[in-house]
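User: I am new to this structure and would like to learn how to read it. Could you walk me through its features one at a time?

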Amino acid sequence: MTTEKLTVNGVDLSIYCYPVTTYSGLLTSPRRKSGNLPVAGRHGTLRVPRKRYDEAQVVLPMTVAGATAAGLVPSGSTEQQEFYKRTDELLRLFHAELVTLDHTLPDGSVRRAVGEVTDVMDFTRLPLGQAARVSVALTVPGAFWSDLTAVTVGPVALTTGATASLTAFVGATAPMDDLVITFGPGANPTLAQPLTGAFVAYDGVIASGRTLTVNTETWEVTGSIDAGGTWSPSITAVRFGPEAKFFWLTPPHDGSAPVVSLAHTAGGSMAVTVSGKRRYLAG
């Protein structure tokens, strides 16, 4: 079993003696944006589906001391000197332009969030010894935590209308829209998640020996040739919906694997690959 820990821009917080006194600050999910619509002449409101998430807030309560848990002070220094040294180090660490939090869970997996400190860091001195408590509040503009590396399912060969279970994405708790989807060869593929109705389609032929890749994060469409080289698929041939995003995966609420379906018109089977980082509502 791995020891749970938290690093900030690669620095293990345990070097500050009593780092995060509780990890509960990592377990706060972002709220959903906006609300439902009031409609005249009816009770309640009109529900707005598929609400987006707001930026996340992460609060890390810490106790900073000038000595180790065993009361040790480096040779040639004093507890008071070490206390001020550590407060300065923490201020520099958390006031970097970008703050990368890596939370190592007991199972050895790591979840990452990237944010910034926008509030004050107020050190409250404790009555005994050279120590203080501080709560570090970080804003995570991207809303979610994520794995460090992407998972991949495929290539999976599917006849038109067939489905595939994306088992590598099991465990995710937040929507995933930074995906790389590869089709081909085949004609007129449409990849959809029946759970949400989200889909991405390419209206065209992907010739034998070629593949087409859709990057849902960068809105790019590229083509490659098995024998080497590239080809240029037209981005105007891409359709998507029901929102202004190429495609996204929503993790099922029962914890099962996301299921996608593939429709195409070439006959036989067509290959599809889905790759991306799992995302989480909390760290």
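Analyst: We will go through strands, a sheet, a core and the empty spaces in turn. Please keep in mind that this is a predicted model.

User: Let's begin with a single strand. Which way do the residues of β7 point, and are they buried or exposed?

Analyst: Here is the general idea: in a regular strand, side chains alternate between the two faces of the sheet. Now the case here. In β7, Val99, Leu101 and His103 point one way, while Thr100, Asp102 and Thr104 point the other way, and all are buried. The strand covers residues 99–104, and six of its six residues are buried, so it counts as mostly covered.

User: Which strands does β7 pair with, and in what sense?

Analyst: To read pairing, look for the bridges between two strands and for their direction. Strand β1 (residues 5–8) is joined to β7 by four bridges, and the two run antiparallel. Strand β8 (residues 110–117) is joined to β7 by six bridges, again antiparallel. Leucine 101 is a handy landmark: valine 8 has leucine 101 as its bridge partner in β7, and leucine 101 stands opposite alanine 113 in β8.

User: What should I look at in the hairpin of β7 and β8?

Analyst: Look at the residues between the strands and at their backbone angles. This hairpin has five residues between its strands, and glycine 108 takes a positive phi near 95 degrees. You can compare it with the hairpin formed by β19 and β20, which has four residues between the strands and, in the turn, tryptophan 219 with a positive phi of about 60 degrees.

User: How do β19 and β20 pair?

Analyst: β19 and strand β20 (residues 220–225) pair in the antiparallel sense over six bridges. One pair to find on screen is asparagine 215 and its bridge partner in β20, glutamate 220. β19 also has strand β14 (residues 179–183) as a partner: four bridges join β14 to β19 (residues 210–215), and they run antiparallel. There, threonine 182 stands opposite threonine 213 in β19. Five of the six residues of β19 are buried, so this strand is largely enclosed by the rest of the structure.

User: What is the order of the strands in the open sheet?

Analyst: Reading a sheet means walking across it from strand to strand. This open sheet has six strands in the order β12-β24-β14-β19-β20-β21, with antiparallel pairing. At the edges stand β12 and β21 (230–231); each has a single partner strand, so one side of each is left without a neighbour in the sheet.

User: And how do I read a nonpolar core? Which residues touch the most other members of the largest one?

Analyst: As a general rule, in soluble globular proteins nonpolar side chains tend to be buried together. The largest nonpolar core here has 32 residues, and Phe169, Phe183, Leu191, Val200, Leu212, Phe247 and Leu249 touch the most other members. At least two residues of this core come from each of β12, β13 (162–165), β14, β17 (198–202), β19, β23 (259–263) and β24. Another core lies apart from it, with 23 residues, among them Leu13, Leu26, Val58 and Leu60.

User: What does leucine 191 touch?

Analyst: Leaving out residues up to four places away in sequence, the contacts of leucine 191 include Ile181, Phe183, Val200, Phe247, Val260, Val272 and Val274.

User: Now the empty spaces. How many cavities of 30 Å³ or more are there, and what lines the largest?

Analyst: For any space, ask about volume, lining and the class of the lining residues. The structure holds one cavity of 30 Å³ or more, and the largest cavity has a volume of about 30 Å³. Its lining consists of Val153, Val156, Ala164, Leu166, Leu191, Val260, Val272 and Val274. By class, that lining has eight nonpolar residues, no polar and no charged. β12 (151–159) and β24 (269–276) each supply at least two of the lining residues.

User: What about the pockets, and which residues lie nearest the centre of the largest?

Analyst: The largest pocket holds about 720 Å³ of space. Its lining has 28 residues, with Arg32, Lys51, Tyr53, Pro175 and Thr250 nearest its centre. That lining divides into 14 nonpolar, five polar and nine charged residues. The second largest pocket holds about 240 Å³, and its lining has five nonpolar, two polar and five charged residues. The largest share of that second lining, three residues, comes from β8.

Key: Residues numbered from 1 in each chain as written. Predicted model: local features only at pLDDT ≥ 70, side-chain atom pairs only at ≥ 80, totals over all residues. Heavy atoms only, no water. 1 Å grid on protein atoms, 1.4 Å probe; cavity = no way out; pocket = protein on both sides within 12 Å on 5 of 7 lines; lining within 4 Å. Points joined across faces, edges and corners; volume = space filled by probe spheres on them. Nonpolar A, V, L, I, M, F, W, Y, C, P; charged D, E, K, R; others polar. Buried < 20%, exposed > 50% of the residue type's maximum accessible area, 1.4 Å probe, protein only. Pairing = 2+ DSSP bridges. Core = buried A, V, L, I, M, F, W, Y, C linked by side-chain atoms within 4.5 Å. Contact = heavy atoms within 4.5 Å.
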